[in-house]
Amino acid sequence: MRDNLAVMQVASSRFGTLDATQDQLVSIDGGLLGFPDATDFVRLPVDDAEGWLWLQSTTDTDLAFLVISAFRFFPEYDIELPDSDVNSLELDDAADADVLALVTIRYTEDGGVASVTANLLGPLVINRRTGVGRQVVLSDSRHSTREPVAG
């Protein structure tokens with residue numbers, strides 16, 4: 001079981017210096033699509049927004065991704081992971097998987113929010129016990145990279 005003792009400090013241009021605990025750390029095998037070297041992150045909850053998190057890189061102070069709990073915002077969301085991903089992530093039980101969707105916020109010219117979408121085609125699947133995850137590209141065409149997120 002991972003513990004809650006601070007194990008490292010993480011510098012962030014967005015959040016300042018963070019004291020990260022072992023249970024906040026995530027290692028993404030193979031990095032994120034378009035960011036192959038971005039493998040190590042700290043999970044940070046978004047204040048007053050249950051199910052929303054920031055993934056702040058532990059090595060790049062300027063790199064952070066907004067994510068949501070896929071099943072919380074899309075209860076009908078259903079994925080089937082290839083056995084190779086299940087095995088490499090050591091997912092013995094589906095309850096061990098934390099499934100996150102990367103969020104994109106598009107703004108209007110005057111700075112208002114035009115749209116908020118989630119990538120359900122390429123979720124991040126993280127083993128809650130180990131903190132090891134992987135971005136999985138699903139072959140299921142029912143899912144979109146721009147699924148609207150309701151408030």
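Start by selecting Arg142, which sits in the loop between E10 and E11. This is a predicted model, so keep that in mind at each stop. Arg142 is exposed, with a relative accessible area of 57%. Now add Gln56 to the selection: 86 residues separate Arg142 and Gln56 along the chain, and their C-alpha atoms are 29 Å apart.

Stay in the loop between E10 and strand E11 (147-148) and pick Asp140, which lies there too. Asp140 is partly exposed, at a relative accessible area of 24%. For a second distance, draw a line from the C-alpha atom of Asp140 to that of Leu120; the two residues are 20 apart along the chain, and the line should read 9.9 Å.

**Zoom out: the whole chain**

Show the protein chain as a cartoon and colour by secondary structure. How many helices and strands does the protein chain have? There are two helices and eleven strands. Following the protein chain from the N terminus, you pass the elements in the order β-β-β-β-β-β-α-α-β-β-β-β-β. The radius of gyration of the protein chain is 15 Å, close to the 15 Å that the globule rule gives for 151 residues, so the chain is as compact as a globular protein of that length. Rotate the C-alpha trace onto its principal axes and you will find that it spans about 40 × 40 × 30 Å.

Next, switch on a surface. The protein chain exposes about 8,600 Å², and carbon and sulfur atoms supply 48% of that area. Of the 151 residues in the protein chain, 44% are buried. If you display contacts with a separation of 6 or more, 49% of them in the protein chain come from residues 24 or more positions apart.

**Colour by charge**

Colour the charged side chains next. The protein chain carries 10 positive and 25 negative side chains, and the centres of these two sets lie 2 Å apart. Side chains of opposite charge can pair when their charged atoms come close. With a cut-off of 4 Å between a side-chain nitrogen of Lys or Arg and a carboxyl oxygen of Asp or Glu, the count comes to seven salt bridges. Three of the pairs make good stops on this tour.

**Stop one: Arg72 and Glu50**

Select Arg72 and Glu50, which form a salt bridge with their closest N and O atoms 3.8 Å apart. Arg72 belongs to helix H1 (residues 70-73) and Glu50 to the loop between strand E4 (40-45) and strand E5 (52-57), so this pair ties together parts that are 22 residues apart in sequence. With the surface still on, compare the two ends: Arg72 is partly exposed at 47% relative accessible area, while Glu50 counts as exposed at 61%.

**Stop two: Asp85 and Arg134**

Move on to Asp85 and Arg134, a salt bridge whose closest N and O atoms are 2.7 Å apart. This pair links distant parts of the chain, with Asp85 in helix H2 (residues 83-88) and Arg134 in strand E10 (residues 132-135), 49 residues apart. Are these partners buried or exposed? Asp85 is buried at 10% relative accessibility, and Arg134 is buried as well, with 18%.

**Stop three: Asp98 and Arg128**

Now select Asp98 and Arg128; their closest N and O atoms are 3.8 Å apart in a salt bridge. Asp98 lies in strand E7 (residues 97-107) and Arg128 in the loop between strand E9 (124-127) and E10, so the pair ties together parts that are 30 residues apart in sequence. Asp98 counts as buried at 14% relative accessibility, whereas Arg128 is partly exposed at 46%.

Before leaving the charges, add Asp29 to your earlier pair: salt bridges that share partners join Asp29, Asp85 and Arg134 into one network.

**Last stops: two backbone angles**

Finish with the backbone. Most residues other than glycine have a negative phi. Where does Asp48 lie? Look in the loop between E4 and E5, where Asp48 has a positive phi near 55°. The side chain is easy to pick from outside, as Asp48 counts as exposed at 87% relative accessibility.

Then jump to Glu90 in the loop between H2 and E7. Glu90 also has a positive phi, near 55°, and it counts as partly exposed at 49% relative accessibility.

Methods:
Residues numbered from 1 in each chain as written. Predicted model: local features only at pLDDT ≥ 70, side-chain atom pairs only at ≥ 80, totals over all residues. Heavy atoms only, no water. Helix = DSSP H or I, 4+ residues; strand = E, 2+ residues; numbered from the N terminus. Buried < 20%, exposed > 50% of the residue type's maximum accessible area, 1.4 Å probe, protein only. Rg over C-alpha atoms; globule rule 2.2 N^0.38 Å. Contact = heavy atoms within 4.5 Å. Areas by Shrake-Rupley, 256 points an atom, 1.4 Å probe, with all protein chains shown as cover. Lys, Arg positive; Asp, Glu negative; His and termini not counted. Charge placed at Lys NZ, Arg CZ, Asp CG, Glu CD.
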